[in-house]
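Morning, everyone. I will keep this short and take one topic at a time.

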Amino acid sequence: MIFTRRVLAIAWKDLIAEWRDRESITAMCFFAFLVLFLFNFALGGDQALIRQASSGLLWLAFAFTGVLGLARSVQSELVNDCLDGLLLYPAEREAIYLGKLLGSFTVILLVELISFPLFAVLYNMNIWSQLPKLLLITAPATLGFAAAGTLMSTMTVGLRAREAMLPFLLFPMTIPLILAAVRGTEVVLRREAFELAMPWLKLMAAFDVLFLVGSVLTFELLVEE
């Protein structure tokens with residue numbers, strides 16, 4: 001119970017800080033709109049091509065946008081040596097990791113929810129009846145992406161080229177997760193039977209467990225280094 005409260009306290013701290021300046025959410029929403037708009041413009045309004053590539057374009061936008069939020073999650077702690085203060089917090093290192101993960105997951109998922117209407121309007125797609133199924137695909141994919149990203153952001157926070165190194169390390173690691181999300185989203189957008197998306201959901205769940213367990217076990221080693 002105490003462990004859970006410590007996790008929630010760290011996540012709440014991050015969410016309050018984000019709410020006060022809204023810098024990260026604003027930048028992420030604008031970037032998601034920009035990516036979706038540019039892809040739509042590049043496809044030249046070809047509806048057949050857009051529908052064929054829509055799930056991949058959506059997850060490219062989510063992946064690029066998610067990196068912005070993950071980079072800020074840990075790097076913001078460098079200001080005024082807040083990271084050292086955070087490590088002095090009387091809590092297990094696992095609680096710190098899970099709290100940062102929960103905060104990042106919430107922010108990224110919120111931006112993705114805001115992006116769905118933008119996606120529907122820009123690509124002229126009626127997704128509203130499929131929104132619950134899309135959320136079933138989006139939530140586990142975002143959790144795995146945030147789990148790996150929080151760990152990678154911590155690993156690169158001490159590097160001078162941390163902004164470049166984070167996507168360089170994160171994208172190759174999460175390729176299977178993103179591909180599973182793309183295929184699952186494709187099933188939903190094509191209004192096929194949801195059972196066809198179950199293998200991709202199971203794959204995402206396996207990656208989530210792998211990333212979470214691996215990250216929890218290695219986080220303390222990273223911050224001590």
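I will go through a cavity and then one pair of helices.

This is a predicted model, where local features need pLDDT of at least 70 and side-chain atom pairs count only at pLDDT 80 or more, while totals for chains, interfaces and linings use all residues. Residues are numbered from 1 along each chain as its sequence is written, and side-chain values use heavy atoms, with hydrogens and water left out.

First, the cavity. On a 1 Å grid over the protein atoms alone, a cavity is a set of points where a 1.4 Å probe fits but cannot get out, and lining residues have an atom within 4 Å of a point. The structure holds one cavity of 30 Å³ or more. The largest cavity has a volume of about 80 Å³, a volume being the space filled by probe spheres set on the points.

Which helix gives the largest share of its lining? That is α3, with four residues. Helices here are DSSP runs (H or I, at least four residues), numbered from the N terminus. The lining includes W59, F62, A63 and G66. By class, it has eight nonpolar, two polar and one charged residues; Gly counts as polar, and Asp, Glu, Lys and Arg as charged.

Now the helix pair. The axes of α3 and α6, lines fitted to C-alpha atoms over the stretch in contact, come within 9 Å and cross at roughly 40°. That makes α3 oblique to α6, since oblique covers angles that are not under 35 degrees, over 145 or 65 to 115.

In contact (heavy atoms within 4.5 Å), W59, A63 and G66 are among the α3 residues that meet α6, whose residues there include A141, T142 and F145. The residues of this contact divide into nine nonpolar, seven polar and no charged.

Technical notes:
On a 1 Å grid over the protein atoms alone, a cavity is a set of points where a 1.4 Å probe fits but cannot get out, and a pocket is an open set with protein on both sides within 12 Å along at least five of seven lines; lining residues have an atom within 4 Å of a point. Helices (H or I, at least four residues) and strands (E, at least two) are DSSP runs, numbered from the N terminus. Axes are lines fitted to C-alpha atoms, for helices over the stretch in contact, and angles run from 0 to 180 degrees between N-to-C directions.
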